[in-house]
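Here's a walk through one model, taken strand by strand and then into the core. Keep the viewer open as you read.

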Amino acid sequence: RAVQWCAENNVFNFDGTLPLTLFSLASFFYGSGGDVNSNEEDSDVWTDSEGWLDIKKGHCTWFGITCDRGDMEISLESNKLKGTLAPEIFMIPHLTYINLKSNTLSGTIPSSVGLANDLVILSISNQGSISGTIPESFYNLRELQRLLIYNNAMTGTLSNRIGEMYQLEYLSISGNDFTGTLPATLGTLSHLTGFWAFDNSFSG
């Protein structure tokens, strides 16, 4: 649907990174239950999708999106998002902030998360059904300061590579089913002031 929307609106004829940005946003919108034809009585779509996919208004005016000097933030907390987390969301250039807390997204964190090199804050907590392991590419996010993925159904271990994420200040992975031992490299994160890992299955 995203490709069709882009074709209908001549998105691929735009200059620079705008086609990639719009395609990625459309993929995310359709993949997480967005519907431009919804109304306030629809209980199975986004609570608020004002402006979304309106080319004339521009994507920086769409509900939940903020643009500042080329950087983009997406904040759609408690907005009835459902479905899976579209890989394309992490392909948006200069994306610094994602807050999707308290929705009902499911599936896994896509490996494309490692492409979001400018990401400073990522919150996909309190979904309940985000599962699978932390992708290896995730540890490439060297600018990340806050990671909030608590209250989901994630499994696997926390890699020693967490120590490569030098800017981490807050790390909350509570309420999942992570196993193994906590990596010693956590102790090398000099900026880390908040770490929550209770309600998991760690050992040692």
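Let's start at Asp71, which sits in strand E2. Keep in mind that this is a predicted model. Is Asp71 buried, partly exposed or exposed? With a relative accessibility of 32%, Asp71 counts as partly exposed, because buried would require under 20% and exposed over 50%. Beyond residues up to four places away in sequence, Asp71 touches Thr66, His94 and Thr96. For a sense of distance, take Ile149: Asp71 is 78 residues from Ile149 in sequence, and their C-alpha atoms are 23 Å apart in space.

Now look at the rest of E2. In a regular strand, side chains alternate between the two faces of the sheet. E2 has an uncovered face made of Asp71, Glu73 and Ser75, while Met72 and Ile74 make up the covered one.

What does E2 pair with? On one side there's E1, joined to E2 in the antiparallel sense over four bridges. The hairpin of E1 and E2 has two residues between the strands, and Arg69 takes a positive phi there, near 50 degrees. E2 is also joined to E4 by four bridges, and that pair runs parallel. Further along, three bridges link E6 (residues 121–123) to E8, again running parallel.

Here are some of the facing residues in those pairings:

| Strand pair | Residue | Opposite residue |
|---|---|---|
| E1 and E2 | Ile65 | Ile74 |
| E2 and E4 | Ile74 | Ile98 |
| E6 and E8 | Ile121 | Arg146 |

Put together, the strands form an open sheet of seven, in the order E1-E2-E4-E6-E8-E10-E12, with mixed pairing. E1 and E12 (194–196) are the edge strands, each pairing on one side only. From one strand to the next, the twist averages 10 degrees.

Next up is helix H2, residues 18–31. Its 14 residues reach 20 Å from first C-alpha to last, close to the 20 Å expected at 1.5 Å a residue. How many residues of H2 are buried? The count is 11 of 14, so the helix is mostly covered, with buried meaning under 20% relative accessible area. Among the buried ones are Leu22, Phe23, Leu25, Phe28, Phe29 and Tyr30. The cover over the buried residues of H2 includes helix H1 (2–8), strand E1 (65–68) and strand E2 (71–75). After H2 comes Gly33, with a positive phi near 90 degrees.

That leads into the core. Nonpolar side chains tend to be buried together in soluble globular proteins. Here the largest nonpolar core has 54 residues, and those with the most contacts inside it are Phe28, Ile74, Leu100, Leu122 and Phe138. H1, H2, E2 and E4 (95–99) are the elements that give two or more residues to this core. The largest share, seven residues, comes from H2. Try centring the view on Leu100: leaving aside neighbours within four places in sequence, its contacts include Phe28, Ile74, Leu76, Leu81, Leu85 and Leu105.

Last stop, a loop. Ser137 lies between strand E7 (129–132) and strand E8 (146–148). Ser137 counts as buried because its relative accessibility is 17%. The Ser137 side chain reaches the backbone oxygen of Ser111 at 2.5 Å. Not counting neighbours within four places in sequence, Ser137 is in contact with Ser111, Val113 and Gly114.

Definitions and conventions:
Residues are numbered from 1 along each chain as its sequence is written. This is a predicted model: local features need pLDDT of at least 70, side-chain atom pairs count only at pLDDT 80 or more; totals for chains, interfaces and linings use all residues. Side-chain values use heavy atoms; hydrogens and water are left out. Buried means under 20% relative accessible area, exposed over 50%, partly exposed in between (1.4 Å probe, protein chains only). A polar contact is a pair of N or O atoms within 3.5 Å; within protein, one must be able to donate a hydrogen and the other to accept it, and residues adjacent in sequence count only if both atoms are side-chain atoms. Contact means heavy atoms within 4.5 Å. The expected span of a helix is 1.5 Å times one less than its number of residues. Two strands pair if DSSP finds at least two bridges between them. Axes are lines fitted to C-alpha atoms, for helices over the stretch in contact, and angles run from 0 to 180 degrees between N-to-C directions. A nonpolar core is a set of buried Ala, Val, Leu, Ile, Met, Phe, Trp, Tyr and Cys residues joined through side-chain atoms within 4.5 Å.
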